[in-house]
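Trainee: Can you walk me through this one? I'd like to start with the terms.
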Amino acid sequence: MIPDDALLARYLAHECTPAEAAAVRQWIAADPDRVRAVERLRATFDAAAPPHQRPDVDAMWAAIRAHHPASLPTIRRRPFPVTLVAAAAVLVVAVLVDRAISRRSATHGAVREIATSTGQRATIDLADGSRVILGPRSRISTPEHFGEGPRDVTLEGEAYFEVRHDSTHPFRVHAAGGVAEDIGTRFVVRAYAGEPALRVVVAEGRVSVTRSGGAPVALGAGQLASFDVAGTASVRAVDTAAYVAFSDGRLVFDGTPLDEVVSELGRWYDLDIRLAAPAFADHHISASFTGLAEDDVLGAVAAAAGLRYTRQGRTVTFSRARGIP
Amino acid sequence: MTATLREHHEIDAGDDALLAQIRSGDSQAFEQLFRRYAEPLYDCAYGYVGSRDVAQEVVQQLFVTLWERRRVWQVSGTVVTYLYRAVRNGSLNALRDDRRRVPLKERVCEAPGIEQELEAADLARAVARIVTRLPERCREVFRLNRYHHLTYAEVAQVLNLSVKTVELHMARALRELRARVKAD
């Protein structure tokens, strides 16, 4: 057998069947000149690509991330900077006029605490590269030297987490008697007083939630778990965008009951909002607001619910629209 | 040293698992995929465009688009062949967008004296120069198989050729190398 160039090339590229390879080897071995010739060819086939300039992989990743700032993780190693942003563009004025933005970042012993008031959000870059966006009227505490041991934070209110996963230092959020533990992920934990005790929504990755005395509940992307005061969990699939929206200053409702909507609006705009009849709570609202004045938002919500609102100072009442029995 | 995909690929099986995580929006899985393939894909792009900046841009743009389309991302074949195919398309587009940019290696290949460069240290360079003289398709096949360690079947998938055609291109490359790399 005399191998043709295609077979020889396959032989050198290790693409032959064992039988073909054996036949080629036999042919080569029969003549010392062939041995030399094939070895030379093998050297040319196996020659590595000549070196050229190496890429800067970190710079490339930074450029990719810059295209998707909202969804791709940022790696920041700054020691705990805090920025406060008003909930909505128009609200900036109201907040500045009504009360100076109070940035409360206090250190109590080994614990750091950050709190927001009405209409504020706080973006917190933790030392481990994780990021927390704290919703309005919320409070978060972290150990002073965060990231050196287990990463435990305590939350009241609502926060969005983008966690740098590190299985040797689990990231745990303690809220309303429950613990949400990240398994590499983006998620929202909500534990406002007066609402279902604890709610966790997972946008990416996995989270395990445990209420004291209960079995862990494993959540994947797109799932919401809510725990009632008794600690009973219910899990359902949701459009996570609505729950994560607050982290970039949008107020989004996705079939949210009206009573939850009004308490949310109250937190964002510092309003005392009442429903004239408890039954109004059964209205479900789907809407998205960015940078709207409070009266525009109130008007839109009222219209969506088929109600009207009246306002005296900071007290707002939703009631039945005139002419509708 | 040129990074090759195969080295990374064999150490880290589990591209498909990564892909599933990326589809569900897992940005860390996405970063992992990027870091796994950034260098080999850069090398491939560099082979086409001959410029560090342009090769980096091609790979960046590929991953920017991947993330944008993560929910609708369909991989025909394997992740490896998909990525190579995409980086090749991106490189060809980049070349078309800038006709003035003549790949460095294309110019170098006109230099005489290839036959004399037979010192072991120069063999790689000599082979590379011969390869740049091959017809375009033949050159692509050779590089993907020899420099990036893709199998014939994978090369066929990346370039949308039959395996038989890949074989014929490799035979052609072998003939050229045999004829031009003379005995010392």
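Mentor: A polar contact is a pair of N or O atoms within 3.5 Å; within protein, one must be able to donate a hydrogen and the other to accept it, and residues adjacent in sequence count only if both atoms are side-chain atoms. This is a predicted model, where local features need pLDDT of at least 70 and side-chain atom pairs count only at pLDDT 80 or more, while totals for chains, interfaces and linings use all residues. Residues are numbered from 1 along each chain as its sequence is written, chains are lettered from A and ligands numbered from 1 in the order in which they are written, and side-chain values use heavy atoms, with hydrogens and water left out.

Trainee: How many residue pairs are in polar contact between chain A and chain B?
Mentor: There are 17 such pairs, both residues being at pLDDT 80 or more.

Trainee: And which elements of chain A supply at least two residues each to the side that touches chain B?
Mentor: They are α1 (5-12), α3 (32-46), α4 (57-67) and β11 (198-204). Helices (H or I, at least four residues) and strands (E, at least two) are DSSP runs, numbered from the N terminus. The most comes from α4(A), with seven residues.

Trainee: Any salt bridges across it?
Mentor: The rule finds eight between chain A and chain B, a salt bridge being a side-chain nitrogen of Lys or Arg within 4 Å of a carboxyl oxygen of Asp or Glu. One pairs D5(A) with R178(B), at 2.7 Å from N to O.

Trainee: How much area do chain A and chain B bury between them?
Mentor: About 4200 Å², with 61% of it on carbon and sulfur atoms. Buried area is the accessible area (1.4 Å probe) that two parts lose on being put together, summed over both. F45(A), R54(A) and M60(A) supply 14% of what chain A buries against chain B, more than any other three residues.

Trainee: Switching topic. What does β20(A) pair with?
Mentor: Strand β19 (residues 307-312) of chain A runs antiparallel to β20(A), joined by six bridges. Two strands pair if DSSP finds at least two bridges between them. Strand β17 (residues 272-275) of chain A also pairs with β20 (residues 315-320), in the parallel sense over four bridges.

Trainee: Which residue does R308(A) have as its bridge partner in β20(A)?
Mentor: That is S319(A). On the β17 side, D272(A) stands opposite T315(A).

Trainee: And the turn between β19(A) and β20(A)?
Mentor: The hairpin has two residues between the strands, and G313(A) takes a positive phi near 60° there.
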